[in-house]
Amino acid sequence: MSRHIISILLENEAGALSRVAGLFSARGYNIEMLTVAPTHDATLSRMTLVTSGTEAIIEQINKQLNKLVDVVTLVDLTEGQHIERELVMIKISTEGLDCDQVHSIVTGHGADVVDESEETCVVELLGNSQKIDALIASMEPLSIKEVVRSGVSGIKRGADFLTI
């Protein structure tokens, strides 16, 4: 089983997301992460989803996605060089904590403290999933109250790009 990041250009119409999600649920596939937003072309949205499976399962997923009427084109970003980023915000309780300890962890991971109050602290980090996971793991000994992850966004490196 390997992790794949699939980037899809699809029609920016009601029900498009539902049809993609329905394809996954009908076949028993799992979407681990999902991000969707309009592109610079108002008629298109870009969906990035992360899923895992054998090469045969991923090939089947890609074939089934390409059959959907809303899908214009797709690419499996993990098949080539790509950049992936995800945003995480972590809220921790600061009761009984030394703020220097929090700042030391945050700085060590290249994260930022974006909000501080007497009761809580919110930490923000932009990076790949492994970097996000490492920050969360390092903060687990603290009192994590909430974790918000944006999901992966990805783009091919170099001159190649996803287009119609």
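**Exercise 1. Find the salt-bridge partner of Glu 59 in this predicted model, and work out how the two residues are placed along their helix.**

Step 1. Start from the side chain of Glu 59 and look for a nitrogen within 4 Å of a carboxyl oxygen. Lys 63 supplies it: the closest N and O atoms are 3.2 Å apart, and the two residues form a salt bridge.

Step 2. Now place the pair on the backbone. Glu 59 and Lys 63 both belong to helix H2, which covers residues 55-67. They are 4 residues apart, so about one helical turn separates them.

Step 3. Check the surroundings. Glu 59 has a relative accessible area of 45%, and Lys 63 has 46%. Buried would need under 20% and exposed over 50%, so each value falls in the partly exposed range.

**Exercise 2. Which parts of the chain does the salt bridge between Arg 3 and Glu 84 tie together, and is Glu 84 buried or exposed?**

Step 1. Confirm the contact: the side chains of Arg 3 and Glu 84 meet at 3.0 Å, N to O.

Step 2. Assign each end to its element. Arg 3 sits in strand S1 (residues 2-11) and Glu 84 in strand S5 (residues 82-93), so the pair ties together parts that are 81 residues apart in sequence.

Step 3. Compute the accessibility of each end. Arg 3 comes out as partly exposed, at 29%. Glu 84 is buried, with a relative accessible area of 11%.

**Exercise 3. Describe the salt bridge of Lys 156, then say how many salt bridges the rule gives and which residues are linked in a network.**

Step 1. The partner of Lys 156 is Asp 160, with 2.8 Å between the closest N and O atoms.

Step 2. Look at accessibility once again. Lys 156 is partly exposed at 26%, and Asp 160 also counts as partly exposed, at 44%.

Step 3. Move on to the network: salt bridges link Glu 86, Asp 133 and Arg 149.

Step 4. Finish with the total, which comes to 6 salt bridges.

**Exercise 4. In what sense do strands S6 and S7 pair, and how many residues lie between them?**

Step 1. Locate the strands: S6 spans residues 112-116 and S7 spans residues 120-127.

Step 2. Read the pairing. The two strands run in the antiparallel sense, with 4 bridges between them.

Step 3. Pick a position as a handy check: Asp 115 stands opposite Val 122 in S7.

Step 4. Close the loop. S6 and S7 form a hairpin, and 3 residues lie between them.

Terms used
Residues numbered from 1 in each chain as written. Predicted model: local features only at pLDDT ≥ 70, side-chain atom pairs only at ≥ 80, totals over all residues. Heavy atoms only, no water. Buried < 20%, exposed > 50% of the residue type's maximum accessible area, 1.4 Å probe, protein only. Pairing = 2+ DSSP bridges.
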